[in-house]
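Trainee: I have some terms I want to pin down. Can we go through them one by one?
Mentor: Go ahead.

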Amino acid sequence: MAYYKDLREYLKMLENKGKLLRIEGEVIRETEVTPLYWLQLRGISEENLRCFLFEKVRDVKGNKCYRISLGHYDASREIASLGLMCSPQDINEKWCQACLKPIPPVIVSEGVVQEVVMTGEELERVGLGMLPAPVENPGWSGDTRTTNQFITKDPETGKRNVGTYSAHISGPKSMRWG
């Protein structure tokens, strides 16, 4: 089976296929990112839907955040099928096969995901608010929330878990799940 090496490779493919819209102007995470993405769903045909990549993101206090990518999983059936490297008609079968035959994890000592690591005082100063997590629609909860893939490890048993969870950033060094 073929897989994308990483999210960057997948986003490059989407861009080459005309399915990625780069927003290069500065946007405010709390008030603009999610509404701009959802606005495209109002009356645009599915074949014209795009993933969004916000290049310059700040919070309402003016702090720089990492860029945010939205819709690269679920903007349309076509985009989902591109991510799964199959036709739109084969999405269900591909998903079922993935559930029946999961790929065992490969534990590595370092990886691209560790390009930026912050701990201790630096994390306290910068905070989790700089993560590329959009804020829910204005007027909903107002929380900075991410629904994403999380890899966790039980500190007592060492057992690992990978899943898609919703987490709310509740402080500079903590998230609450739910």
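Trainee: What share of the contacts with a separation of 6 or more comes from residues 24 or more positions apart?
Mentor: Such residues account for 56% of those contacts in the protein. Keep in mind that this is a predicted model.

Trainee: How many helices and strands are there, and what pattern do they follow?
Mentor: There are five helices and seven strands. Along the sequence they run α-β-α-β-β-β-α-α-α-β-β-β.

Trainee: Why is the protein called as compact as a globular protein of that length?
Mentor: Set its radius of gyration, 18 Å, against the globule rule. The rule gives 16 Å for 178 residues; the two are close, so the description holds. The C-alpha trace spans about 50 × 45 × 30 Å along its principal axes.

Trainee: What percentage of the residues is buried?
Mentor: Of the 178 residues, 29% are buried. The cut-off is under 20% relative accessible area.

Trainee: What makes α1 oblique to α3?
Mentor: The axes of α1 (residues 7-16) and α3 (residues 77-84) cross at roughly 135° and come within 11 Å. Roughly perpendicular ends at 115 degrees, and roughly antiparallel starts over 145. The angle fits neither class, so α1 is oblique to α3. Their crossing is right-handed.

Trainee: Which residues meet where α1 contacts α3?
Mentor: Tyr10, Met13 and Leu14 of α1 meet Ile79, Leu82 and Gly83 of α3. Five of the contact residues are nonpolar, one is polar and none is charged.

Trainee: Why does Gly83 not join the nonpolar group?
Mentor: Because Gly is counted as polar by definition.

Definitions and conventions:
Residues numbered from 1 in each chain as written. Predicted model: local features only at pLDDT ≥ 70, side-chain atom pairs only at ≥ 80, totals over all residues. Heavy atoms only, no water. Axes fitted to C-alpha atoms, helices over the stretch in contact; angles between N-to-C directions. Helix = DSSP H or I, 4+ residues; strand = E, 2+ residues; numbered from the N terminus. Parallel < 35°, antiparallel > 145°, perpendicular 65-115°, else oblique. Left-handed = near helix turned anticlockwise from the far one by under 90°. Contact = heavy atoms within 4.5 Å. Rg over C-alpha atoms; globule rule 2.2 N^0.38 Å. Buried < 20%, exposed > 50% of the residue type's maximum accessible area, 1.4 Å probe, protein only.
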